[in-house]
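Subject: Structure handover

Hello,

Here is the structure I promised to pass on. Please open it first, then read the notes below it.

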Amino acid sequence: MKGAQNRLRNFRQASLLAVAITGLILIMFAPSEAGLTQDNYPETVAVVEEVAVQDLVPGDTVKEEVVVEKKGSTKEATDEAIGALQGLWEGFIFNLPKIIIAFITLILAWLTVRILRAILLRSIGKWQSASAIISLTSIAVWLLAIGVALSVVAGDIRALVGSFGLIGLALSWSLQTPIESFTGWLMNSYQGYYRVGDRIQVGDVFGDVYRIDFLTTTVWEIGAPYQPGFVRAEQPTGRLVTFPNNEVLTGTVINLTADFPYVWDELDVGVANESDMPLAIQVIENVALELLGDYMKAPTASYSQLLQGAGLDNTVPDKPQVFVSMEESWTNVTIRYLVGARERRKWKSELTLRLTMELNKPGYINKIIPVYPRQQVQFINPDGTPTQANSGSRG
C-alpha cells in the first residue's frame, strides 16, 4: 500500500512538473499559442461581424449547403506536421534576439554575484553568519536575473507571472524534500544548531561536522556503543556520512561541543557484596580524585557560569563523585566525572587501568573483592525448599 502511494505521488509530481515545463516552452518558442501576441484580435472581430451580417439575411434567401467531410490524405497530414515544425522554427527565430538578451542578462548576473561575494567576504567574512548572508545575496541576484530573462523572452509580464505560478505549483509538489532541506539550512545558518567542526548526533548519524551545503550536511562518522557499526567506541570510523538538512526541522539535534565542549561520563566498578564497602568506596574515590581532580576544576567553573546565565541550578561538583547501586548479586560503585567530549574513551581507559592496578594490591585482598556479572544455580526439592547439589559422579 505504501509503495503504491509513493508511486502515485511521484506520478502526480511528475505530471505537474511536465505541465509547467510545457508552458515555459510555449512561452519561449510559440508566443502566439501562449496568448502573448495581440495580432489575432482583429481577425476575431472580423469573423464575428461576418457571422452577424449573415444572420441578418432573410431566411428564404439563405441556401442550405451540405459540407462533406473527407478524410485527409497522408500528404495533408505530412503538410500539417511540417507546418507545425515551421511554426516552431519561426517562433524560435522570432524570439532569438530575446533569448540572446536573456543569456547576456544571466552572464551579467554571474559577474555581479562574483563581485558581491568578494566584497562581502572582505567586509563581513569574520562574522558568524557571513556564509548565510553571502549565499542569500547570491540567490537573490540569481532569482532577479532569471525573472528579468524570462520577462524578456515572454514579452508580457502577465504571462511571466502565470508561468511563475505554474512552475511554483509544480516545484512545490515535486521538490518538497529539497525545499525543506533549504529551509533547514537557513534555520541552522541563523540559529547555529551546529557548525563545521562540532560533534553532533542527528537521528542515527553521529560524528564531526565536515561540510554544510544548501541541502545536505556531511560528517566524519564517529562510532558509539549505542548504535550498530564495526567501531563501538567514540573513535572515527573513517566514513563520511551525508544527511539532508530537513533533519533539523523533523529530528533532534544533539551538539556535544557547541557552547560547552565537556560531557559527564560514568564508570561502573562491580564489587562483591561480601566486600568492605566503605573501604571500596574510599579507595575508588581516591583513585578518581587523583586522576581527574585538577582536570575538572576549569570546566566545572565554566559550566556553573553557563547554568547561572540560563537561570538554572549552578551547583556543579568540581571533583569526581561516587554512587552506589545494588545489582542482582553484587554492588555497583559508579564514578561520575566531567571530561572533554572528544576524550571520553581516553579518560575512561586510564581510570579503568588505575583502578585495576589499585584494587589488585595485596592490602585489599579479601577486603575489596572485584566481581563480574555472575549467576548462581540453586536446586529445589519438590516441596520448594532449597537442596544441595549432588556432587557425586554419574556412571
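One caution before the details: this is a predicted model.

I began with a hairpin pair. Strand β2 covers residues 205–212, and strand β3 covers residues 216–222. The two run antiparallel, and 5 bridges join them. One residue pair helps you find the register: Arg 211 in β2 has Thr 218 in β3 as its bridge partner. The two strands form a hairpin, with 3 residues between them.

Now step back along the chain to strand β1, residues 199–202. It is joined to β2 by 4 bridges, again in an antiparallel arrangement. Here, look for Ile 200, whose bridge partner in β2 is Gly 207. β1 and β2 also make a hairpin, this one with 2 residues between the strands. Check Gly 203 in that turn: its phi is positive, at about 65 degrees. So much for β1 to β3.

Next, the open sheet. It has 3 strands, in the order β6-β8-β7, and the pairing is antiparallel. Which strands are at the edges? They are β6 (262–271) and β7 (321–326), each of which pairs on one side only. From one strand to the next, the twist averages 30 degrees.

Within this sheet, look at β6 and β8. Strand β8 spans residues 331–340. The two strands share 10 bridges and pair in the antiparallel sense. A good place to start is Leu 267, whose bridge partner in β8 is Ile 335.

A helix belongs in this picture too. Helix α8, residues 277–292, packs on the sheet. It touches β6, β7 and β8. The direction of α8 makes about 15 degrees with that of β8.

Finally, the chain as a whole. How many helices and strands does it have? The count is 10 helices and 10 strands. The chain has 395 residues, and 28% of them count as buried. Its accessible surface comes to about 26600 Å². Carbon and sulfur atoms account for 60% of that surface.

One last figure concerns contacts between residues at least 6 apart in sequence. Of these, 65% join residues at least 24 apart.

If you want a route through the model, begin with the hairpin of β2 and β3. Then go to the sheet of β6, β8 and β7, and end with α8, which packs on it.

Best wishes

Definitions and conventions
Residues numbered from 1 in each chain as written. Predicted model: local features only at pLDDT ≥ 70, side-chain atom pairs only at ≥ 80, totals over all residues. Heavy atoms only, no water. Pairing = 2+ DSSP bridges. Buried < 20%, exposed > 50% of the residue type's maximum accessible area, 1.4 Å probe, protein only. Contact = heavy atoms within 4.5 Å. Areas by Shrake-Rupley, 256 points an atom, 1.4 Å probe, with all protein chains shown as cover. Axes fitted to C-alpha atoms, helices over the stretch in contact; angles between N-to-C directions.
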